[in-house]
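Biologist: I should like to learn how the features of such a structure are read. May we take them one at a time?

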Amino acid sequence: MKQKTVDDLKTWKAIWQVRYPPAALLMDHRGALAGRWQHKKEDLTEWLIANNQFKVHDLANMLLLQADLRSVTIVVESVERQNLFAELATEFTFDVLDTLDVKRIERVGLRLLQVAERANFKAMCHQIRRGFYRLTDDEWQVFGKEPDDVGLSLVFRYEERTLNWNFGPMAKSQLETYFDSTAVKQSLPETSIFIDCDLYQPDPKFHRKEFKKELARYMESGMEQITGLTARFMGQYGGFR
């Protein structure tokens, strides 16, 4: 099947997480880290310090920086804010790792939620059933009828990396459950095609002195791997229009 160019798939949510062994220094440095990152970007005005974690975020809940005893997490919601994601994630992560004197990384992960608006939910379901399940009308009658909704969940291993892939048509009410920002929820399309890619690597062999370089490299290559794969996939099936 000849691929077609499909360029309307956009990243609406990006999540970056790095896990490490329990870091006792968090208890002494929560306030300093929160203070250092509050107002680092114009909208990062809010903060919260709890027993074993701290977080800094904006009022709209589109940006979140968080660290606890065992992990550092960055979340960016909305298409318009994605230009902040890579730099913000790597800088915040390295600052936390350095401040907490983390000596080993246990897991690194990048997750992108991509969405493209579509007009007809039923038409997408039909195309996906025909393209991936290939059951005849008679075979669907095992269930008594054809499904009203369909999806695809796959797991791939690329050397040291694992990719959890989830894909399907989405009504706005379903898609809203993936987001925290009210403003983002309100701006979601009524009907869309949805791809959720979670790419992670357990026990990466990153040298402590090279954490910043290695994490930046993983971020860049991970973004390229996910967006390249989803672009090829969408092109292969004409964007499920």
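Modeller: Let us begin with the terms. A strand is a DSSP run of at least two residues, and strands are numbered from the N terminus. Two strands pair if DSSP finds at least two bridges between them. Please keep in mind that this is a predicted model. As a case, E2 and E3 pair in the antiparallel sense over 5 bridges, and a hairpin of 2 residues joins E2 to E3.

Biologist: In E3, which residue is the bridge partner of Glu46?

Modeller: The bridge partner of Glu46 is His57. The next pair along, E3 and E4, is also antiparallel, with 5 bridges joining the two strands. Here Lys55 stands opposite Gln66 in E4. Strand E4, residues 63-68, then pairs with E5 in the antiparallel sense over 5 bridges, and Gln66 stands opposite Thr73 in E5. Gln66 therefore has Lys55 opposite it in E3 and Thr73 opposite it in E5, under the pairing of strands by DSSP bridges.

Biologist: How many residues are there between the strands in the hairpin of E3 and E4?

Modeller: That hairpin has 5 residues between the strands, and Asn61 takes a positive phi near 60 degrees in it. The hairpin from E4 to E5 passes through 2 residues.

Biologist: What is the order of the strands in the sheet?

Modeller: The sheet is open, has 9 strands and is paired antiparallel, in the order E2-E3-E4-E5-E1-E6-E9-E8-E7. E2 and strand E7 (152-158) stand at the edges; each has a single partner strand, so one side of each is left without a neighbour in the sheet. From one strand to the next, the twist averages 10 degrees.

Biologist: Which strands does H2 lie across, and at what angle does H2 run to E5?

Modeller: H2 lies across strand E1 (10-19), strand E3 (53-57), E4, E5 and strand E6 (107-117), and runs at about 160 degrees to E5. A second case is helix H3, residues 121-133, which lies across E7, strand E8 (161-171) and strand E9 (191-202) at about 140 degrees to E8. In total, the chain has 7 helices and 9 strands.

Biologist: How should I read a positive phi?

Modeller: Most residues other than glycine have a negative phi. His39 has a positive phi of about 75 degrees although it is not a glycine, and it is found in the loop between helix H1 (26-37) and strand E2 (46-50). Ser78, likewise not a glycine, has a positive phi near 90 degrees. Ser78 is in the loop between strand E5 (71-77) and helix H2 (85-99).

Biologist: Is Ser78 buried or exposed?

Modeller: A residue is called buried under 20% relative accessible area and exposed over 50%. Ser78 has a relative accessible area of 5%, so it is buried. Ile49, in strand E2, counts as partly exposed because its relative accessibility is 35%. Asp180 has 53% and therefore counts as exposed. For the chain of 241 residues, 46% count as buried.

Biologist: Leaving aside residues up to four places away in sequence, which residues does Ile49 touch?

Modeller: Ile49 touches Arg30, Gly31, Ala34 and Phe54. The C-alpha atoms of Ile49 and Gln66 are 9.9 Å apart in space, while the two residues are 17 apart in sequence.

Biologist: Where does Asp180 lie?

Modeller: Asp180 lies in the loop between helix H5 (172-175) and helix H6 (182-187). Not counting residues up to four places away in sequence, Asp180 touches Lys13, Asn61, Glu77 and Lys185. One of these, Asn61, is the hairpin residue with a positive phi near 60 degrees.

Biologist: Among contacts between residues at least 6 apart in sequence, what share joins residues at least 24 apart?

Modeller: The share is 70%. As for overall dimensions, the C-alpha trace spans about 65 × 40 × 35 Å along its principal axes. The accessible surface comes to about 12800 Å², and 49% of it belongs to carbon and sulfur atoms.

Biologist: How many positive and negative side chains has the chain?

Modeller: There are 34 positive and 35 negative side chains, and the centres of the two sets lie 3 Å apart.

Methods
Residues are numbered from 1 along each chain as its sequence is written. This is a predicted model: local features need pLDDT of at least 70, side-chain atom pairs count only at pLDDT 80 or more; totals for chains, interfaces and linings use all residues. Side-chain values use heavy atoms; hydrogens and water are left out. Helices (H or I, at least four residues) and strands (E, at least two) are DSSP runs, numbered from the N terminus. Buried means under 20% relative accessible area, exposed over 50%, partly exposed in between (1.4 Å probe, protein chains only). Contact means heavy atoms within 4.5 Å. Accessible areas come from the Shrake-Rupley method with a 1.4 Å probe; for residues, only the protein chains shown count as cover. Lys and Arg count as positive and Asp and Glu as negative; His and the chain ends are not counted. The place of a charge is taken as NZ of Lys, CZ of Arg, CG of Asp or CD of Glu. Axes are lines fitted to C-alpha atoms, for helices over the stretch in contact, and angles run from 0 to 180 degrees between N-to-C directions.
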